[in-house]
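Colleague: I'd like to learn how to read a structure feature by feature. Could you walk me through one?

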Amino acid sequence: MRGKTCAGTLVTGTGADGAPTAAYLYHVADNERTMREYGHQAVVLQTALNPVVALELLATGAWKGTGVLGPESFDAAPFLDLLAAYGEPHAVVEGDPRRSSS
């Protein structure tokens with residue numbers, strides 16, 4: 001299988017200065033590489049790797065908490081760093097790509 005897939009999240013809100021802000025956080029995976037390394041399509045890797053990384057952070061104590069906590073309860077930096085360590089780096093586009101000037 002050839003081609004790449006992109007999974008991303010557009011985050012909008014109010015910046016520290018009170019002005020509207022946005023950022024697009026995304027991850028691109030290559031099907032040829034994921035098929036070769038894991039025997040699965042890129043979209044499977046993008047789905048399965050996130051809970052693996054989260055569980056590792058919980059198991060090592062990098063993420064701690066009591067009760068039922070959503071992912072927004074934890075610092076994102078260790079998660080994104082570990083994702084990159086697994087060979088799946090992310091990127092960020094500042095601003096709302098739906099409103100690009102191109």
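Modeller: Let's go through rings, strands, a helix and a core in turn. Keep in mind that this is a predicted model.

Colleague: Let's begin with the aromatic rings. How many aromatic pairs does a search of the whole structure find?

Modeller: The general idea is that a ring pair is described by how far apart the centres are and by the angle of the planes. Here the search turns up 3 aromatic pairs. One of them joins Y24 and Y26, with 5.6 Å from centre to centre and 15° between the planes, and it is stacked. W63 and F74 make another stacked pair, with centres 4.5 Å apart and planes at 15°. That second pair links distant parts of the chain, 11 residues apart, although W63 and F74 each sit in the loop between α2 and α3.

Colleague: Why does Y24 count as partly exposed, and why is W63 called buried?

Modeller: Buried is under 20% relative accessible area and exposed is over 50%, with partly exposed in between. Y24 comes out at 22%, so it is partly exposed. Y26, at 25%, is partly exposed as well. W63 has a relative accessible area of 8%, so it is buried, and F74 is buried at 15%. W63 and F74 also belong to one aromatic cluster with F79.

Colleague: On to the strands. In what sense do β1 and β2 pair, and over how many bridges?

Modeller: In a regular strand, side chains alternate between the two faces of the sheet. In this model β1 (residues 4-14) and β2 (residues 20-30) pair in the antiparallel sense, over 11 bridges. To find your way across, take T9: its bridge partner in β2 is L25. The two strands form a hairpin with 5 residues between them, and G18 in the turn has a positive phi of about 85°.

Colleague: Now a helix. Which residues of α3 are buried, and which are exposed on the other side?

Modeller: For a helix, look at which way the buried residues point. In α3 the buried ones are F79, L80, L82 and L83. They cover an arc of only 165° around the axis, so they lie on the same side of α3. D81 and A85 are exposed on the other side of α3. Among the things covering the buried residues are β2 and α2.

Colleague: And what is there to see at the start of α3 and just after it?

Modeller: At the start of α3, a side-chain oxygen of D75 comes to within 3.2 Å of the backbone nitrogen of A77. After α3 comes G87, which has a positive phi, near 90°.

Colleague: Which residues touch the most other members of the largest nonpolar core?

Modeller: That core has 13 residues, and L49, V53, L57, W63, F79 and L83 touch the most other members. α2 and α3 are the elements that give two or more residues to this core, and α2 gives the most, with 6. F79 is a good place to look around: leaving aside neighbours within four places in sequence, F79 is in contact with N50, V53, A54, L57 and W63.

Colleague: One last check. Is R33 buried or exposed, and what is R33 in contact with?

Modeller: R33 lies in helix α1, residues 31-38. Its relative accessible area is 18%, so R33 counts as buried. Beyond neighbours within four places in sequence, R33 is in contact with Y38, L45, G87 and E88. You've met one of those already: G87 is the residue with positive phi that follows α3.

Methods
Residues numbered from 1 in each chain as written. Predicted model: local features only at pLDDT ≥ 70, side-chain atom pairs only at ≥ 80, totals over all residues. Heavy atoms only, no water. Phe/Tyr/Trp six-rings, centres within 6.5 Å; stacked < 30°, edge-to-face > 60°. Buried < 20%, exposed > 50% of the residue type's maximum accessible area, 1.4 Å probe, protein only. Helix = DSSP H or I, 4+ residues; strand = E, 2+ residues; numbered from the N terminus. Contact = heavy atoms within 4.5 Å. Pairing = 2+ DSSP bridges. Arc of directions from axis to C-beta. Polar contact = N/O pair within 3.5 Å; in protein donor to acceptor, adjacent residues only side chain to side chain. Core = buried A, V, L, I, M, F, W, Y, C linked by side-chain atoms within 4.5 Å.
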